[in-house]
Amino acid sequence: MSFLTRIAPALLAATFLASPVLADDQHFPLQSYRVGPYAAGGTGFFGGFIDYMTLINTRDGGVNGVKLTWSEGETEYEVEKGVEVYQRLKSNPGIAAWNPLSVGIAYAMIDGVTADKTPLITINHGRTDTTDGRVFPYVFPLLLNPYSETSGIVNYIASKEGGPEALKGKKIAVLYHGSPYGKETIPIYELLAQKYGFDLVQIEVPHPGNEQGAQWLQIRREKPDYVVLRGWGVMNPVALTTAQRNGFPVDRIIGNVWSNSEEDVRPAGDAAIGYTAITTQASGNQYPVLQEIIKTVYDAGKGNLSDPARIGSVYHNLGIVNGILNVEAVRIAQARFGNRTLTGDEVRWGFEHLQLSPERVKELGAENLFRSINVTYDNHEGEGYVTFQQWDGQKWNVVSDWIAPDWALLRPIIEKSSEAYAKEKGLPIRSAADADAAVSN
Amino acid sequence: MTAISAFATRAGLATGLALPALGLLAFVAVPLTASPYVLEAILLPFLALSLAGLGLNLLTGYGGQVSLGSAAFMAVGAFAAYNFDLRSGLPLPVSILLAGVTAAAIGLVFGLPSLRLRGFYLAVSTLAAQFFVQWALTKFAWFSNGSPSGIIAAPVIELAGLRLDGAVGRYLFSLSIVAAVTLLVHRIVSGPEGVNLIAVRDNETAARVIGVPVLRTKLVAFALSSAIIGVAGVLWAFTYLRTVEPAGFNLDRSFQILFIIIIGGLATLRGTFLGAALIVVFPLLLGRLSAAAFDGLIDAGLIKLTERIVLGTTIILFLIAEPNGLSAILSRLTARLRGIGRG
């Protein structure tokens, strides 16, 4: 008993005190997931993000002299663990932004980050209507929301067929994961089918999707021209192998943004050769920024990926692009507020002016890795372009130009949803002038 | 003789004082002193899971009916409260009460097999509730008000015009509900219904022979237990996570609640709270300790997997050492302290 009473304060001190962060630092709390079913995505993404921050610290001495720091908390992709990590890390000083890479965790944080005035980045995913920055000042689904992804896929199919007019009379089947994520784009596919006049069949695969005989039998009956795979986890390789068994040509299957990684195709073996999937960031390590990461970070033994063969994989490159966007938002905000530790609200201003032209992206060593971004106070997605990659059995190869989704068509749907949310929650609609003022401590 | 009676009054006095002291601590001292982290990340999930454990303990611990559908009833409660609040315009406490009634109704339906099935077979049939509820909530967009991603934001907690949005407000709201339900359950289990429940658990045939209404007792237990778990679901979604998604109420959550009552001690109210505290705090503490000890030295994923092994092994060892759970350990400990005090 006495031993316990003596050791308890020390234990408490050791476990409940956050490590101090030095004065001129900009901090990134990371709700990473390195174990559990989604560890492949988590290690790649957070590895890439950390590798890019390490590069900026080592090569440039930070962003204009302000060092980047980070701390990690494991979420296993579970919402309540993510919330715990958020509560634990949010007292760290100098927080720039949150990057959970999980739509469930992001939802649970929306109220919190709005009260804290700290940006919440959900690159390539997240709640679609947070694109409307007038209602969601602190949430940024950068580059691509689920609606734009849908439009990008249909535009790609149109370009393969020789223009939007050629879609008329074609048949597209969408094979989607039986979860809220999978069902989110059902109305958008319907809208696009109506607009372009193609036939549409949407088929659900119950979670987890390790048995798809019935669904592919139906696809065989329907004889679609293309199958869009809106999968998740084990559903993706099983879809590819079942397609092969049912004689559906793999080069007519187009994967969405969560069916586009090496981990999705490798288990399918030969059945995946020729499969095409959408991405916002090309894979491979030939880009200058990747080469610098290999030279400065990995050759010095400071790399975050335990397996260097994964450098340049889809999730690793997504993490690097995420790092570029976060760092540039800080840089842009520094240009206005000064080269010091910024508040979350100042970094929010930086994200709302995150405009990187293809020329600027080239300066950053990321030409062809991603195209450009153009975030404004009311458009938090930032008009990200998509491209398509084909799997050759060893690696992904880019097979299309940069394609623009039909943002103008989707915007009214997004505004309708965000305005309903604002009404339900009693939130104001921001103007450009509201967005320009930022709280500095 | 006098020594014994003196001890008895002293012990009675101690327990008589313990409850107000605990109330004072929970309602006054904690909100004044606890950091937002302790409130948000430890106490709020602890309260919600305690309440869920309380509901399950009533059914499984006292009534002997094993259920693996707890998370489903939590989901029913959370979604029902969301929809009552959204569509009816009733005050939030009424919505929560109605959510409890809804969960009770669903619980009653899935409790019907208990009239014919026992033990392991009943556990399997309650699994149906788990899968059916999750399927229905994902399938019909109406439940989540047509939200495209199926995840909904919890409403603002408002009581008689007072907004309870802060951590302290939500904590007090949650605590009041848990305290009220605990008192209610305490009354039930120490009254004639509680005796009936235990009689059914211990020997159903004997209970029937001495005139216990077995069918009624079982169904009431299912309904009441589901109602309490449903309210726990509301607390989990509204005061803790602030968001509701069907995937958060999966089979893992049902097992977690079952473990709470097994680790804490079946058929004890105190044990439920001890079990919930262990399930919430122990993994956090373990995570902090291993992070402080090994951060940067070993791969973060490896540390996490090792933690899981340690957590599982600890629970197994602990149950071998004391199959009656934390509550029994606490009883032994207090008895020994009293012995020291007397000596």
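Helices (H or I, at least four residues) and strands (E, at least two) are DSSP runs, numbered from the N terminus. This is a predicted model: local features need pLDDT of at least 70, side-chain atom pairs count only at pLDDT 80 or more, and totals for chains, interfaces and linings use all residues. Residues are numbered from 1 along each chain as its sequence is written, while chains are lettered from A and ligands numbered from 1 in the order in which they are written.

**Exercise 1. Place Gly161(B) in its chain and state whether it is buried or exposed.**

Step 1. Find the element. Gly161(B) sits in the loop between β2 (158-159) and β3 (162-163) of chain B.

Step 2. Apply the burial scale. A residue is buried if 20 or more other C-beta atoms lie within 10 Å of its own, exposed if 12 or fewer, and partly exposed in between; C-beta atoms are placed from the backbone.

Step 3. Classify. Gly161(B) has 6 other C-beta atoms within 10 Å, so it is exposed.

Step 4. Check a separation. Gly161(B) and Val212(B) are 51 residues apart in sequence, and their C-alpha atoms are 47 Å apart in space.

**Exercise 2. Determine which non-glycine residues with positive phi are described here, and how buried each one is.**

Step 1. Take chain A. Glu383(A) has a positive phi of about 50° and is not a glycine. Its place is the loop between β11 (373-374) and β12 of chain A. Glu383(A) is partly exposed because 18 other C-beta atoms lie within 10 Å.

Step 2. Take chain B. Ala267(B) has a positive phi of about 60°, again without being a glycine. The loop between α10 and α11 of chain B holds Ala267(B). Ala267(B) counts as buried because it has 22 C-beta neighbours inside 10 Å.

**Exercise 3. Describe the surroundings of Ala166(A).**

Step 1. Locate it. Ala166(A) is in the loop between α5 (146-161) and β5 (171-177) of chain A.

Step 2. Classify it. With 15 other C-beta atoms within 10 Å, Ala166(A) is partly exposed.

Step 3. List contacts. Two residues are in contact if their C-beta atoms, placed from the backbone, lie within 7 Å. Leaving out residues up to four places away in sequence, Ala166(A) touches Ala158(A) and Glu161(A).

Step 4. Add a distance. Tyr196(A) is 30 residues from Ala166(A) along the chain, and their C-alpha atoms are separated by 8.7 Å.

**Exercise 4. Trace the sheet of chain A through β9.**

Step 1. Write the order. The open sheet has 7 strands in the order β6-β5-β7-β8-β9-β12-β13, with mixed pairing. Two strands pair if DSSP finds at least two bridges between them.

Step 2. Mark the edges. β6 (199-205) and β13 (396-398) of chain A are the edge strands, each pairing on one side only.

Step 3. Go through the pairs. β8 (253-255) and β9 of chain A are parallel over 2 bridges. Gly255(A) stands opposite Ala277(A) there. β9(A) and β12 (387-391) of chain A are antiparallel over 4 bridges. Ala277(A) has Gln389(A) as its bridge partner in β12(A). β12(A) and β13(A) are antiparallel over 3 bridges. Trp391(A) has Trp396(A) as its bridge partner in β13(A).

Step 4. Inspect the faces. In a regular strand the side chains alternate between the two faces of the sheet. In β9 (276-279) of chain A, Thr276(A) and Ile278(A) on one side and Ala277(A) and Thr279(A) on the other are all buried.

**Exercise 5. Characterise the packing of α3(B) on α10(B).**

Step 1. Get the geometry. Axes are lines fitted to C-alpha atoms, for helices over the stretch in contact, and angles run from 0 to 180 degrees between N-to-C directions. α3 (70-88) and α10 (251-264) of chain B pack at about 110°, with axes 7 Å apart.

Step 2. Name the arrangement. α3(B) and α10(B) are therefore roughly perpendicular to each other (angles under 35 degrees count as roughly parallel, over 145 as roughly antiparallel, 65 to 115 as roughly perpendicular and the rest as oblique).

Step 3. List the residues. α3(B) contributes Ser70(B), Ala71(B) and Met74(B), and α10(B) contributes Leu251(B), Arg253(B), Ser254(B) and Ile257(B).

**Exercise 6. Count the residues in the contact between chains A and B.**

Step 1. Count both sides. Chain B gives 27 residues and chain A gives 31 residues.

Step 2. Assign elements on chain B. α2 (36-62), α11 (269-294) and α12 (300-321) of chain B each supply at least two residues of its side.
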